[in-house]
Amino acid sequence: MFKKFAVLLVAVAACLQAPAAETNSLAWHRATGRVDANIHDMALMPLLEKIAAAADWRIYVEPDTTYTASAKFRNLPSQDALKMLLGTLNFALVPQTNGLPRLYVFRTVMKNATQPVLETKSVARHVANELLVRLKPGADADALAKLLGAKITGRNDKLGLYRLLFDNPGATDAALGKLKNNRDVADVDYNYYYDPPPTPQMLSSAPVGPLSLTLNPPGDSGRTIVGLIDTPVQSLGKNLDQFVRKPISVAGDATIDNSQPTHGTAMAYTILSAIAQQSANATSAEILPVDVYGSSPNTTTWNVALGVQQAVDNGAKVLNLSLGGPNDSPILANVLQQTVADGIPVYAAAGNQPVTSQTYPAADQGVISVTALQQQGLLASYANDGTWVDLALPGTSVVYFGTQPWGFQGTSVSTAYATGVAAGNRAATGFSWTQIMSAMQQKFPVPH
């Protein structure tokens with residue numbers, strides 16, 4: 001039976017470094033997570049706009065809220081800085097698995113903070129001057145690229161997928177229009193970015209101890225292999241590394257900060273935790289890590305599509321996509337539809353922007369979308385909802401990296417739990433994926 005994990009709040013302050021000015025200045029320093037400010041008699045909305053631009057957050061305020069701020073300080077942690085800047089107003093900083101952190105400012109309760117303050121500047125939502133194209137069988141990619149004045153910078157002839165680079169945005173957009181009407185083209189779109197995953201929080205103590213899992217020989221049908229499409233996965237320790245296959249990377253060699261667990265490491269640990277609960281701490285299931293980020297803070301549609309195919313080609317029987325974004329790519333959707341049609345279930349994160357709008361690839365046809373619970377029966381305050389969401393599981397995980405516990409929160413965690421539940425059941429019982437999904441829909445319904 002799937003046990004409920006304790007809920008841990010992970011506060012993430014994503015900050016941009018900026019120089020301070022003499023008056024009405026605000027500087028967020030990424031390297032230190034500290035804030036400098038010199039604010040004098042500033043009205044609330046201009047203040048929040050300044051915070052949004054400096055910290056690169058999405059900010060929502062309760063309508064008709066007024067306040068005049070005056071504060072001067074240096075080198076304060078972001079939470080303390082917000083207390084100084086916002087005075088008697090209430091606020092909540094909510095980390096996002098698949099996007100920018102969200103700051104809610106309110107007089108009464110958080111759910112009343114509905115007025116957006118400023119669309120902050122972030123990385124471009126698609127890679128500059130690039131298009132992805134899927135060609136119909138028999139089409140000549142090289143001839144098409146030459147005709148458009150583009151360079152092919154990536155190709156997968158098996159899938160008919162190609163990555164085209166153009167000289168400038170104008171040429172890119174013009175080519176997009178031409179390719180949409182080209183009879184040799186099945187799909188074409190931009191190469192979208194997916195936002196960086198959140199950072200973990202180091203915990204002084206944890207309600208659970210390190211995971212222990214025993215390896216069992218596989219059954220007659222072989223091992224259940226989970227394709228984990230994520231950031232690089234570090235060593236989980238001698239006991240758990242036996243459940244992790246040799247990693248694959250589609251994003252080049254990665255430089256990893258080993259002072260804390262990566263998002264991929266946390267998802268792998270969470271998947272194994274869920275598997276352990278389904279199989280009395282003994283399983284033949286394995287994880288195949290596929291790195292689609294490399295050393296970059298972002299990944300793209302191209303890398304995710306290639307990562308999915310690499311996982312499938314190397315024996316994955318179920319996929320975990322604890323990532324997402326607002327853009328629906330027909331390129332990735334087609335790859336995932338083929339994967340599902342081949343009998344490989346795909347679990348993906350519904351997103352951490354408490355709205356009903358769709359997140360992709362979770363909302364793509366055939367993909368199993370997973371949102372987060374903050375406690376049994378209650379949707380997490382940060383979690384996406386909607387009729388397109390299929391399952392709801394706990395949104396917090398305790399992950400041991402070495403001997404140190406870390407806390408992770410978000411629908412990415414919920415997705416890892418869901419994948420682990422499914423894989424653990426499959427390895428332990430041999431039930432079909434259809435039987436397992438039916439049981440999970442009964443056990444983990446979405447509390448709309």
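**Around T224 and E286**

Let me begin with one residue, T224, which, leaving aside residues up to four places away in sequence, touches S284, A285, E286, A423, R426, A427 and W433. I should say at once that what we are looking at is a predicted model. T224 sits in the loop that runs between β13 (214-215) and β14 (225-230), and with a relative accessible area of 5% T224 counts as buried, because the cut-off for that class is under 20%.

Before going further into this region, a few words on the chain as a whole. The chain contains 10 helices and 25 strands, and of its 448 residues 55% are buried. If we take the contacts between residues at least 6 apart in sequence, 74% of them join residues that are at least 24 apart. The accessible surface of the chain is about 19300 Å², and carbon and sulfur atoms account for 50% of that surface.

Now to the charged side chains. As a general point, side chains of opposite charge can pair when their charged atoms come close. The structure holds nine salt bridges, and I will go through three of them.

One salt bridge is formed by R223 with E286, where the closest N and O atoms are 3.6 Å apart. R223 belongs to the loop between β13 and β14, while E286 belongs to strand β17 (residues 286-291), so this pair ties together parts that lie 63 residues apart in sequence. Is each partner buried or partly exposed? R223 is partly exposed, at a relative accessible area of 25%, whereas E286 is buried, at 9%.

E286 also meets R245 in a salt bridge between their side chains, with an N to O distance of 2.6 Å. Here E286 is again the partner from strand β17, and R245 comes from the loop between α5 (238-241) and β15 (248-249), so the pair ties together parts that are 41 residues apart in sequence. R245, for its part, is partly exposed, with a relative accessible area of 32%.

Elsewhere, salt bridges with shared partners join D142, R155 and D157 into one network. Within that network, the side chains of R155 and D157 meet at 3.5 Å, N to O. D157 counts as exposed, at 52% relative accessibility, and R155 is partly exposed, at 40%.

To come back to where I started, E286 is among the residues that T224 touches, and E286 is also the residue that forms salt bridges with R223 and with R245.

Conventions: Residues are numbered from 1 along each chain as its sequence is written. This is a predicted model: local features need pLDDT of at least 70, side-chain atom pairs count only at pLDDT 80 or more; totals for chains, interfaces and linings use all residues. Side-chain values use heavy atoms; hydrogens and water are left out. Helices (H or I, at least four residues) and strands (E, at least two) are DSSP runs, numbered from the N terminus. Buried means under 20% relative accessible area, exposed over 50%, partly exposed in between (1.4 Å probe, protein chains only). Contact means heavy atoms within 4.5 Å. Accessible areas come from the Shrake-Rupley method with a 1.4 Å probe; for residues, only the protein chains shown count as cover. A salt bridge is a side-chain nitrogen of Lys or Arg within 4 Å of a carboxyl oxygen of Asp or Glu.
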